[in-house]
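Got the model open in your viewer? Let's take a walk through it, one selection at a time.

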Amino acid sequence: MADLSHAHIEAFLEMMSAERGAAGNTLASYQRDLDDLHSFLAAKKVSSITAGSRDLSAYLSDLGKKGFAPSSQARRLSAMRQFYKFLYAEGLRGDDPTSTLDSPKKRRALPKTMSEDDVTRLLEQAAREADDPSQGQYVRLRMLALLELLYATGMRVSELVSLPARVLSQEGRFLIIRGKGNKERLVPLSKSAIDVLQRYGQARQAELAEADDDPWLFPSPGKSGYLPRQVFARDLKAIAARAGLRAAAISPHVMRHAFASHLLQHGADLRIVQELLGHSDISTTQIYTHVLEERLRQLVQTHHPLAKTGENRE
């Protein structure tokens, strides 16, 4: 019996064009995907009319083995589903073999982060610039305070720029942060962050004529009354470049990830990191489990007796 798969694909594409008004690029994409499926099935001496769910599942598995991303596999599956629904509707098949296929699971992207050395270089650059007594020192001290607070607490950038001025009068090594859902959380401050915050507070008092009346720690003449997060993000990239870092790879959110990753690398509990980041669900914090897995691997290599001796046992 002749394999009419190509004829069926052409009929499907004509339907998509005439009845659904599919664009040329869409039709070309469908044709490429279905031609690739046809080649895979033909190599196994199976036609599209006789292919079963196992055949189509094997095709998706083959894509995975070839390194296709889950998103690319999902697109191929979508094309297959449209095609087999068409065959079923036209009476060319008595069933839809794609109905039992599961969509490929997308891998959760690992968060972008910074090394401890890169963070140190950034903070040292900010400190050098803040020590410069020339005109504009207040702005440079503000940047140093922003960076120290961000890395010490892992705050969201929106939480950071909207900190109230009353934090300057708080004593102790903790900061109260108001996060999503108006929920408050307590985060510890490093000694360097406390020192820089006090230094910035003095500069703020001297710089602003009405500092005592301004409710924001980082005031700005804009509509919100505090420093726009976009301005901070822009200035962060600029100082990162001056520190010799790749500016495109650094943002306030990347520094937040660095805070969490470095805590875990040094033995912090995932639940503690969840609380510090202000995540309501532990599943959100679990994007950092790769850090825990690497730490466990290093612990085993360092402390397990077999790792030390190089012996292998069943």
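A pocket, as meant here, is an open set of grid points with protein on both sides within 12 Å along at least five of seven lines, and its volume is the space filled by probe spheres set on those points. Keep in mind as you click around that this is a predicted model.

**Stop 1: the second largest pocket**

Start by selecting Tyr-151, Ala-152, Ser-190, Phe-259 and Leu-263: of the 17 residues lining the second largest pocket, these are the closest to its centre. The space in there comes to about 280 Å³. Now colour helix 5 (116-131), helix 6 (137-153), strand 2 (184-188) and helix 10 (252-265), each of which puts at least two residues into the lining. Which helix gives the most to this lining? That would be helix 6, with four residues. Colour the lining by class and you should get nine nonpolar, five polar and three charged residues.

**Stop 2: along helix 10**

Stay with one of those wall elements and show helix 10 by itself. Its 14 residues reach 20 Å from the first C-alpha to the last, close to the 20 Å expected at 1.5 Å a residue. Is helix 10 mostly covered or mostly open? Mostly covered: 11 of the 14 residues are buried. Among the buried ones you can pick out Arg-256, His-257 and His-262, along with Pro-252, Met-255 and Phe-259. Phe-259 should look familiar, since it was one of the residues closest to the centre of the second largest pocket. Step past the end of the helix to Gly-267, which follows it and has a positive phi, near 105°.

**Stop 3: the largest nonpolar core**

Next, select Leu-147, Leu-149 and Phe-218. The largest nonpolar core has 53 residues, and these three touch the most other members. To see where the core draws its residues from, light up helix 5, helix 6, helix 7 (157-161), strand 1 (174-178), helix 8, helix 9 (229-242), helix 10 and helix 11 (270-277); each supplies at least two. Helix 6 has the largest share of this core, with 10 residues. For background, nonpolar side chains in soluble globular proteins tend to be buried together.

**Stop 4: a cavity by helices 1 and 2**

Now swing over to Ser-5, Ile-9, Leu-34, Leu-37, His-38, Leu-41, Ser-48 and Phe-83, which line the largest cavity. How many cavities of 30 Å³ or more does a search of the whole structure find? One. The space inside the largest cavity is about 40 Å³. Helix 1 (5-18) and helix 2 (24-43) each bring at least two residues to its lining, and helix 2 gives the most, with four. By class, the lining holds five nonpolar residues, three polar and no charged.

**Stop 5: an unusual backbone angle**

From helix 2, move on to Lys-45, in the loop between helix 2 and helix 3 (53-65). Most residues other than glycine have a negative phi. Lys-45 is not a glycine, yet its phi is positive, at about 55°. Is Lys-45 buried or exposed? Its relative accessibility is 79%, so Lys-45 counts as exposed.

**Stop 6: salt bridges**

Finish with the charged side chains, where the structure holds 13 salt bridges. Begin with Arg-199 and Asp-131, whose side chains meet at 2.8 Å, N to O. Arg-199 lies in helix 8 (residues 191-207) and Asp-131 in helix 5, so this pair ties together parts that are 68 residues apart in sequence. Arg-199 is partly exposed, at 31% relative accessibility, and Asp-131 is also partly exposed, at 48%.

Next, zoom in on Glu-184 and Arg-178, a salt bridge with its closest N and O atoms 2.6 Å apart. Arg-178 counts as partly exposed, at 43% relative accessibility.

Then go to Asp-235 and Arg-234, whose salt bridge has its closest N and O atoms 3.1 Å apart. Here Asp-235 is partly exposed, with a relative accessible area of 22%, while Arg-234 counts as exposed at 53%. For your last selection, take Asp-33, Asp-36, Arg-75 and Arg-76: salt bridges that share partners join them into one network.

Technical notes. Residues numbered from 1 in each chain as written. Predicted model: local features only at pLDDT ≥ 70, side-chain atom pairs only at ≥ 80, totals over all residues. Heavy atoms only, no water. 1 Å grid on protein atoms, 1.4 Å probe; cavity = no way out; pocket = protein on both sides within 12 Å on 5 of 7 lines; lining within 4 Å. Nonpolar A, V, L, I, M, F, W, Y, C, P; charged D, E, K, R; others polar. Buried < 20%, exposed > 50% of the residue type's maximum accessible area, 1.4 Å probe, protein only. Expected span 1.5 Å × (residues − 1). Salt bridge = Lys/Arg side-chain N within 4 Å of Asp/Glu carboxyl O. Core = buried A, V, L, I, M, F, W, Y, C linked by side-chain atoms within 4.5 Å.
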